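Here are some short exercises to work through with the model open beside you. Try each task before you read its solution.

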Amino acid sequence: MKVTEVKVRPYHSNDEQQVIELWHQCNLVVPWNDPKRDIELKLKFQPHMFLVGAKDDLIVASIMVGYEGHRGWINYLAVLPNYQRQGIGWLMMNAAEAELKKLGCPKVNLQVRSSNKSVIAFYEKIGFTDSNVISMGKCL
Ligand SMILES: CC(C)(COP(=O)(O)OP(=O)(O)OC[C@H]1O[C@@H](n2cnc3c(N)ncnc32)[C@H](O)[C@@H]1OP(=O)(O)O)[C@@H](O)C(=O)NCCC(=O)NCCS
């Protein structure tokens with residue numbers, strides 16, 4: 001498959017089932033995140049920056065992008081296992097960065113779970129570096 005066969009576009013409500021299945025296949029669904037609720041919440045803030053990669057009617061990739069006026073953030077980057085290592089992850093990140101640049105965002109950050117260190121090679125390949133910070137969180 002050629003990466004040019006994948007069209008990057010904003011998420012539509014009828015993509016929900018395929019996107020949640022994609023996240024399950026990519027091990028991105030964890031007990032403390034309800035994917036359906038995460039989608040509903042994202043659709044209230046910068047919904048045009050929740051992108052999917054579609055090959056015809058099949059959703060093969062997703063990326064959730066946001067900008068809060070200081071940094072851009074990436075979440076839920078996923079490519080269906082059978083479609084990985086064909087340039088689609090890079091394509092999705094390029095589309096995300098383009099959206100952030102349009103808003104004047106100077107820097108993009110992302111978090112990698114410590115159980116998912118193998119993905120670091122991908123981010124390094126596309127220009128990310130370790131920011132040497134400790135990421136902390138608190139549920140509200
Ligand atoms: C991370 C992910 C989105 C990458 O998508 P992808 O479509 O496979 O990435 P690309 O094909 O665009 O990769 C671009 C380059 O990154 C590097 N790369 C990608 N995956 C890699 C891996 N697992 N190990 C080492 N290098 C990797 C390669 O150099 C690759 O180029 P090459 O195939 O020509 O060598 C995909 O592996 C994925 O969905 N993983 C599961 C979900 C996940 O962990 N998401 C990130 C959460 S932080």
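Two rings of Phe, Tyr or Trp, taking the six-membered ring of Trp, count as a pair if their centres lie within 6.5 Å. Keep in mind that this is a predicted model.

**Exercise 1. Aromatic rings**

Task: find how many aromatic pairs there are, and name the residues that form one aromatic cluster.

Solution: Start with the count, which by this rule comes to 5 aromatic pairs. Then look for linked rings: Y11, W23, F50 and Y76 form one aromatic cluster.

**Exercise 2. The shell around the ligand**

Task: work out how many residues surround the ligand, and which element gives the most to the shell.

Solution: First, collect the residues with a heavy atom within 4 Å of the ligand. This shell holds 19 residues, and L77, R85, G87, G89 and N116 are the closest. Next, sort them by type: 11 are nonpolar, 6 polar and 2 charged. Finally, turn to the elements: β4 (72-79), α3 (88-102) and α4 (120-125) each supply at least two residues of the shell. Of the elements, α4 gives the most, with 4 residues.

**Exercise 3. Polar contacts of the ligand**

Task: which atoms of V79, R85 and N116 lie close to an oxygen atom of the ligand, given a cut-off of 3.5 Å?

Solution: Begin with the backbone. A polar backbone atom of V79 is 2.8 Å from a ligand oxygen, and a backbone N or O atom of R85 lies 2.7 Å from one. N116 uses its side chain, with a polar atom 2.8 Å from an oxygen of the ligand. As a last step, consider cover: the ligand on its own has 910 Å² of accessible area, and the protein covers 75% of that.

Note on methods: Residues numbered from 1 in each chain as written. Predicted model: local features only at pLDDT ≥ 70, side-chain atom pairs only at ≥ 80, totals over all residues. Heavy atoms only, no water. Polar contact = N/O pair within 3.5 Å; in protein donor to acceptor, adjacent residues only side chain to side chain. Areas by Shrake-Rupley, 256 points an atom, 1.4 Å probe, with all protein chains shown as cover. Nonpolar A, V, L, I, M, F, W, Y, C, P; charged D, E, K, R; others polar. Phe/Tyr/Trp six-rings, centres within 6.5 Å; stacked < 30°, edge-to-face > 60°.
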